[in-house]
Structure formats: C-alpha cells, structure tokens
Amino acid sequence: MENFPMINLEKLNGEERGATMEIIKDACENWGFFELINHGISHELMDTVERLTKEHYQKCMEQRFKELVATKGLEGVQTEVNDLDWESTFFLRHLPHSNISEIPDLQDEYRKVMKEFALRLEKLAEELLDLLCENLGLEKGYLKKAFHGSKGPFFGTKVSNYPPCPKPDLIKGLRAHTDAGGIILLFQDDKVSGLQLLKDDQWIDVPPMRHSIVINLGDQIEVITNGKYKSVMHRVIAQTDRNRMSIASFYNPGGDAVIYPAPTLVEKEANENNNLYPKFVFEDYMKLYAGLKFQAKEPRFEAMKAIESNVNVGPIATA
Ligand code: OGA
Ligand code: NI
C-alpha cells in the first residue's frame, strides 16, 4: 500500500518545489488528507498549546466527562452506540469575531496562547489555499475570495480529548463523517493514534508525528473544485488505556458566502441540468449538515441542488 502523504513545506523554497507541489496535488486528488512538517509554526508554541490543553482537560473537563459516562451508563454497553461520540470538546471561534474571552474556565495564558496559535494557523490555511489554487490552475487568492462573503472567512478551533474508552468497538471516539467546510488543520497527539480515513474502502491510520499538522479537505473544496478534490470520510477510534488530544481548526467560508464550482473547472459540455455540484449559500449547507453530519455527503449535495432548482424555477412553480 502507498504511504500516507507527508509534505515537507520547507522544500517549497528550494529546487524540490515542483516535486513537493506534485505530492500535494496527488494527496488532494487521492487522499483528501496530508501531513505537514516544517510548516513554519514554532514547535515551542505547539508544545505550550499541548501542555495547556492537557492541563485544562485534567482540571476542568475530565471529571465532567466521567460523570456524563456514569449518568448515561456507557461503561457497560453491550451493543453499538450510534448517537454519541466518546469525546470531550469545546469550541473556540476566531473569525469573523473571536469568542475566546467568553469561554468559561480558561486561564488567561491559555486564551493568549490559543489566540496566537490560531493566528499562525489562519496564515498557514491561506498559504495552503493558494498552493491548492496553483495546482488547480486557479488564480492566486481564488479560494480565499470564494470563502470571503461579506464578513470574511469563518475560522474556529475544536479542542478535543478522547478519553480511554472501555468499548472502542461499540462507541466511536468520533463517528465517520466528512467535514462540511473548507480546509482543516489538525494538531493531534504525537503518541496516541486514533484518527483514520477511508481510502479504497479501508480504514487507514493517520500516523501521529510530533510537531506535524494534518490537513484535510472539506465538502466546500469538493464543490468549488467540481469534484477534482474530494472530502474524505474519517473517524476517531478511542483507545482503551490512553487519552488522545486533538486540536482541529476549521477554515471555512463565511456564512453568507455563495459556494459553487469554479467555472474554469467545469467541463464546457456540462449543461445546467447535469452539473454534479450545487450552488448555495454556505450557512444553508451548514444548517443541513447539522442534522446529517454522520451520513454520506452525496444526499447533502442533492438536497442543495433541489433547493437551487426550486429557487430557479420559483416563478414558474407558483404560476
Ligand atoms: C473533526 C475531526 C479529528 C480528530 O472534529 O471533524 O475529524 O482527530 N476530528 O479529532
Ligand atoms: Ni472531521
């Protein structure tokens, strides 16, 4: 089997630029995932983020999670649980407006460090979007612009811990899904694995690696690239004996951004009726996704297409 795509981002500055762009292209076309090293975010900052995240979990989240497990009687389940995930999470929003100051129980230092980390990740996300543009033959800035809407992109971070789970085969850390948004940057535990992606009908481990950042593509990139790049199903399997930390940052379109396939990536012959992908307002997609996250993406695209054609034929339908 081929190896999980690893990209040394520093090589973009030297004579291996072309080869590195090719690995990125192959990863986008065939994996929907890749792992970055030498991405420019300081290892010291990452170490601090990790330390403070783990401290915060132990101080403020772990006990609450154990109580939840006890209340729901999850320790002794005998059959598969399909309506919840074995995770303890909280969510920080950075763009269009930060909510970090409103999140309870965070130390000042942790707030400050997460703001700094988010700023670095935001820059990295925009750099990556331009690399994708280059590989796709789109003008520089195309994807960033497509995500802009009236208030700029959405950027947020989901901080997760996957505590030791007595029945990892019956309760998933996080059930299989594709991500709804644009590009996702994941700082995952460097020792405890658990993230898997679906490739050719097989679940493949995303290898933990110290100071790396795992990238994956969401449904909006699939729509804008007209399916040249696809969002890929992934899930988290909790471990029985160890806690796994993961910090996933989502660079998404703004709520009112209108998303549709880039015209230069649509085959000339395709007419309006056999477009593979719909055109929609991103927040409408998110409303649909909220209820269908753990299902296949195709029905979501179909539902958005149905809405689109209703809008188009509106006056006829009501005549
Ligand atoms: C997600 C996700 C993976 C992880 O939050 O959408 O896929 O490793 N997270 O936590
Ligand atoms: Ni995900």
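Trainee: Which residue in strand 2 stands opposite I7?
Mentor: Start with the strands. Strand 1 and strand 2 (residues 33-37) pair in the parallel sense over three bridges; pairing requires that DSSP finds at least two bridges between two strands. Strands (E, at least two residues) and helices (H or I, at least four) are DSSP runs numbered from the N terminus. Opposite I7, in strand 2, stands L36.

Trainee: In this predicted model, at what pLDDT do side-chain atom pairs count?
Mentor: Residues are numbered from 1 along each chain as its sequence is written, chains are lettered from A and ligands numbered from 1 in the order in which they are written, and side-chain values use heavy atoms, leaving out hydrogens and water. The model is predicted: totals for chains, interfaces and linings use all residues, local features need pLDDT of at least 70, and side-chain atom pairs count only at pLDDT 80 or more.

Trainee: Which strands stand at the edges of the seven-strand sheet?
Mentor: The sheet is open and mixed, in the order 1-2-9-6-11-4-3. An edge strand has a single partner, so one side of it is left without a neighbour in the sheet. The edges are strand 1 (6-8) and strand 3 (88-95).

Trainee: At about what angle does helix 3 run to strand 6?
Mentor: Helix 2 (residues 43-72) lies across five strands of the sheet, including strand 3, to which it runs at about 130°. Helix 3 (residues 108-136) lies across strands 2, 3, 4, 6, 9 and 11. Axes are lines fitted to C-alpha atoms, for helices over the stretch in contact (heavy atoms within 4.5 Å), and angles run from 0 to 180 degrees between N-to-C directions. For helix 3 and strand 6, the angle is about 135°.

Trainee: How is helix 1 oriented relative to helix 3, roughly parallel or roughly perpendicular?
Mentor: Their axes are 10 Å apart, at an angle of about 90°. Residues of helix 1 such as M21, I24 and C28 are among those that meet L131, L132, E134 and N135 in helix 3. The classes run: under 35 degrees roughly parallel, over 145 roughly antiparallel, 65 to 115 roughly perpendicular, the rest oblique. So helix 1 is, relative to helix 3, roughly perpendicular.

Trainee: How far from C28 is the nearest cysteine sulfur?
Mentor: A search of the whole structure finds zero disulfides (a pair of cysteine sulfur atoms within 2.5 Å). C28 is buried, with a relative accessible area of 1%; buried means under 20%, exposed over 50%, partly exposed in between, using a 1.4 Å probe and protein chains only. From C28, the sulfur of C133 is the nearest, at 11 Å.

Trainee: What is the relative accessible area of K172?
Mentor: K172 sits in the loop between strand 4 and strand 5 (174-177). Beyond its neighbours within four places in sequence, the contacts of K172 include E80, W86 and R235. K172 is buried, because its relative accessible area is 13%.

Trainee: Which residue in strand 10 stands opposite H177?
Mentor: Four strands form an open antiparallel sheet in the order 5-10-7-8. Strand 5 and strand 10 (residues 234-236) pair over two bridges. Opposite H177 stands H234.

Trainee: What distance separates the C-alpha atoms of A306 and L84?
Mentor: A306 lies in helix 7 (residues 298-312). A306 is partly exposed, at 40% relative accessible area. A306 and L84 are 222 residues apart along the chain, and their C-alpha atoms are separated by 30 Å.
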